[in-house]
Amino acid sequence: MLDFDGTIGDTQHLIVSTMQKTLAHLNLPPRSAEACKRMIGLPLKQTFTHLIEMSDEMGDQCVDVYRRIFDEDNGPGVVPVFPHVIETIKMLKERGKTLTIASSRATATLMQFVRDMQLEPYISLVLSCDDITHSKPHPETALITLQQTGFSPEEAIVVGDSQYDILMGRNAGCATVGVSYGNGTVEELIQAGADHIIDDFAKLVDLV
C-alpha cells in the first residue's frame, strides 16, 4: 500500500502554495510554509481546521477555494515523481507484487496524477478519501485494501512519508515503511513506530 503525496509525487510546493493562497483569499491569518507542510497527510478540511481555529462552515469554504486554486495551478509537469519511484514500481510489479495506492487525496486529482505518471498498468487498486468514512490514521483505508485484494495484514506493507500513514498501517496490523524524503520528519516516523525508514524509494525492493 503506497501513499501518494510525499511518497510517489512531490506535491509539497503545490499543496503549500495552494493552502497559503486559500488563506489569503478568505482573509484568514497567514501561516508559514513549514506550518502548512506539517498538515499534509490529513484530509483536506482538517488541514485547515487543524491549522487555524475556525468554524465548520469556514472549513468547508477553505476546501472549495483550495480545490479551485489547486486545479488552476496544477498542470502537466507541475508535480514531479520522486527519484526511482517509477522504475521501482515497475520492478516490483514484474516480481509479482501487488501494488495499491492509499491516499487522503480526492479521487479526481489522484486519478489524474496516476494517469499523468503512467502508473495505471502497475497499480491494482486506488483508494482516495472519497472511498472511506474514517481517514488516516484510522485503519479503514488499509483494511478495505486488504479486503479487496485478498491479503492478510501479515502479508502487507504500508509505505508512506507521514506519521498518519505509519499509524494507519500499524492500526491495521501491517508492516510499515517510512520514506524520509517526503513531508514528515524522521523523528515523526520513528515516533509513529515505522518498522523501517528509507531515504530512497528504490530501497523498498530490499524490504519486500
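Here are a few worked exercises on a predicted model, covering ring pairs, salt bridges and a surface patch.

**Exercise 1. How are the rings of Tyr66 and Phe70 arranged, stacked or edge-to-face?**

Solution. Start with the general idea: a pair of aromatic rings is described by the distance of the centres and the angle of the planes. The whole count comes to 5 aromatic pairs. For Tyr66 and Phe70, the ring centres sit 5.8 Å apart and the planes meet at 25°. Rings pair if their centres lie within 6.5 Å, and planes under 30 degrees apart count as stacked. So Tyr66 and Phe70 make a stacked pair.

Next, place the two residues. Both belong to helix α4, residues 56–73, and they are 4 residues apart, about one turn of the helix. Now check burial, where the cut-off is under 20% relative accessible area. Tyr66 has 7% relative accessibility, so Tyr66 is buried. Phe70 comes out at 2%, so Phe70 is buried too.

Finally, look at the company they keep: ring pairs link Tyr66 and Phe70 with Phe4, Phe48 and Phe113 into a cluster.

**Exercise 2. Which parts of the chain does the pair of Phe82 and Tyr181 tie together?**

Solution. First the geometry: the Phe82 and Tyr181 rings are 4.6 Å centre to centre with 50° between the planes, a tilted pair. Then find each residue. Phe82 lies in the loop between α4 and α5 (85–94), while Tyr181 lies in the loop between β4 (175–179) and α9, so the pair ties together parts 99 residues apart in sequence. As for cover, Phe82 has a relative accessible area of 10%, so Phe82 is buried.

**Exercise 3. Where do the partners of the Asp73 and Lys21 salt bridge lie?**

Solution. The background is simple: side chains of opposite charge can pair when their charged atoms come close. A search of the whole structure turns up 8 salt bridges. In one of them, Asp73 pairs with Lys21, with the closest N and O atoms 2.8 Å apart. Asp73 is in helix α4 and Lys21 in helix α1 (residues 12–25), which puts the partners 52 residues apart and links distant parts of the chain. On accessibility, Asp73 is at 29% and therefore partly exposed. Lys21, at 39%, is partly exposed as well.

**Exercise 4. Are Asp165 and Lys136 buried or exposed?**

Solution. Begin with the contact: Asp165 and Lys136 form a salt bridge whose closest N and O atoms are 2.7 Å apart. Asp165 sits in helix α8 (residues 163–172) and Lys136 in the loop between β2 (125–127) and α7 (140–149), so this bridge ties together parts 29 residues apart in sequence. Both Asp165 and Lys136 turn out to be buried.

Set that beside the bridge of Asp199 with Lys203, where the closest N and O atoms are 2.7 Å apart. Asp199 has 48% relative accessibility, so Asp199 is partly exposed. Lys203, with 40%, is also partly exposed. Back with Lys136 and Asp165, salt bridges that share partners join these two and Asp3 into one network.

**Exercise 5. Which residues make the nonpolar surface patch of about 230 Å²?**

Solution. The patch is made by Val186, Ile190 and Ile197. Take Ile190 and locate it: Ile190 is in helix α9, residues 186–192. Then test its accessibility, with exposed meaning over 50%. Ile190 has 54%, so Ile190 counts as exposed.

Note on methods: Residues are numbered from 1 along each chain as its sequence is written. This is a predicted model: local features need pLDDT of at least 70, side-chain atom pairs count only at pLDDT 80 or more; totals for chains, interfaces and linings use all residues. Side-chain values use heavy atoms; hydrogens and water are left out. Patches are made of residues with over 30% relative accessible area and no salt bridge: like charges are joined within 9 Å, nonpolar side chains (Val, Leu, Ile, Met, Phe, Trp, Tyr) within 5 Å. Accessible areas come from the Shrake-Rupley method with a 1.4 Å probe; for residues, only the protein chains shown count as cover. A salt bridge is a side-chain nitrogen of Lys or Arg within 4 Å of a carboxyl oxygen of Asp or Glu. Helices (H or I, at least four residues) and strands (E, at least two) are DSSP runs, numbered from the N terminus. Buried means under 20% relative accessible area, exposed over 50%, partly exposed in between (1.4 Å probe, protein chains only). Rings of Phe, Tyr and Trp (its six-membered ring) pair if their centres lie within 6.5 Å; planes under 30 degrees apart count as stacked, over 60 as edge-to-face and the rest as tilted.
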